[in-house]
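The following exercises, each a task followed by a stepwise solution, ask you to read backbone angles, core packing and strand pairing from a model. Work with the sequence and the structure side by side.

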Amino acid sequence: MFLLYAMCVAASAQTHAPPFEVFEVPAGSGPHDVAPSPDGTVWYTAQARGAVGRLDPRSGKSDWVPLGEGSAPHGVIVAPDRAAWITDGGLNAIVRVDAKTLAVSRFPLPKDRADGNLNTAVFDRHGHVWFTGQNGIYGELDPASGRMRVFDAPRGRGPYGIAVTPDGGLYYASLAGSYLGRIDPASGATKVIEPPTPNQGARRVWSDSKGRLWVSEWTAGKLGMFDPAKQQWREWALPGQGPHAYAIFVDDRDIVWLSEWTANALVRFDPRTEHFDVLTFPQANTNVRQMMGRKGEVWLSGSGIDRLLRYDTHAAGQ
């Protein structure tokens, strides 16, 4: 089932913006992360219920896959074979859900790496899964062999969002450590890259088509951008009073999108004009923790309202 809501638009020259489409998920799901699949369906982690869901927005049909006792799934990404790969903090394991059979496979962290507080994952160019854990770890899983490597993060606790650039570079954001880290995939070592603002709370990170890293700075209320080619940073303060940027996503046109918790809004940033648009969510306390997209659309997980949201960027003329 989905509902269509008009939205309020602030800090924007637009007068005719499209509405959000809002899709209900089972009550109490607490959808944390969301990942649209090339087949048109959308996976999401139901963190509060230890399950993963798969919504077909065309029919409204949903699949529901419990992940096991103690599960608390956080992140979800989609593999080339359309399987869902999940970072499950409760199980302390990387979990795969087959797209056809919905069979669940687990890849536990080593016994000496208990309670990694697994967070987010990404595929590298070799099809390996790289993941973060807020309790001070990051690692790599080779799905073909099951081989896993886990590393200690600089400054301990904090690894959160993770991204891969078009040239294969691996970067993660450390929320508690307040830095951007570049991983050497051969050695597993991390190079710390300091943002201009100290203690900014780098939370999530996404690459654009040029390989620039865009970072949501939760504590500072800023949008950060690091250009590896120039070894240079830029930052922009988000509009409004006391903003908190959580999720970040860069779309197929290199437009940057953020979820802003103080304003309960989706924020659009155009790097060409350096202009922000603030698009208020239709319900209070939407609490969007993750965004991903397909061409022409952004998908958002409304963890506070048990909803998934879709925003049509092309219909907006953006």
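**Exercise 1.** Determine how Arg 155 counts in terms of exposure, and then compare its backbone setting with that of Asn 264.

*Solution.* Start with accessibility: Arg 155 counts as partly exposed because its relative accessibility is 48%, where buried means under 20% relative accessible area, exposed over 50% and partly exposed in between, with a 1.4 Å probe and protein chains only. The model is a predicted one, in which local features need pLDDT of at least 70, side-chain atom pairs count only at pLDDT 80 or more, and totals for chains, interfaces and linings use all residues. Residues are numbered from 1 along each chain as its sequence is written, and side-chain values use heavy atoms, with hydrogens and water left out.

Next, locate the residue: Arg 155 sits in the loop between E15 and E16, the strands (E, at least two residues) being DSSP runs numbered from the N terminus. Its phi is positive, about 70°, although Arg 155 is not a glycine. Most residues other than glycine have a negative phi.

Finally, turn to Asn 264, which lies in the loop between strand E25 (256–260) and strand E26 (265–270) and also has a positive phi, near 55°. Asn 264 is buried, since its relative accessible area is 14%.

**Exercise 2.** Identify which residues touch the most other members of the largest nonpolar core, and state which strands supply this core.

*Solution.* The core, a set of buried Ala, Val, Leu, Ile, Met, Phe, Trp, Tyr and Cys residues joined through side-chain atoms within 4.5 Å, has 30 residues, and Trp 85 and Phe 131 touch the most other members. At least two core residues come from each of strands E8 (73–78), E9 (84–88), E10 (93–97), E12 (118–123), E13 (129–133), E14 (137–141) and E15 (148–152). E10 gives the largest share, four residues.

With contact taken as heavy atoms within 4.5 Å, and leaving out residues up to four places away in sequence, the partners of Trp 85 include Ile 77, Ile 94, Phe 107, Phe 123 and Leu 141. Apart from this core lies another, of 16 residues, among them Ala 247, Trp 257, Ile 305 and Tyr 311.

**Exercise 3.** Establish in which sense E28 and strand E29 pair, and over how many bridges.

*Solution.* Two strands pair if DSSP finds at least two bridges between them; E28 and E29 (residues 297–302) are joined by five, in the antiparallel sense. Along this pairing, Val 288 faces Gly 302 of E29. The hairpin has two residues between its strands, and Gly 296 in this hairpin takes a positive phi near 85°.
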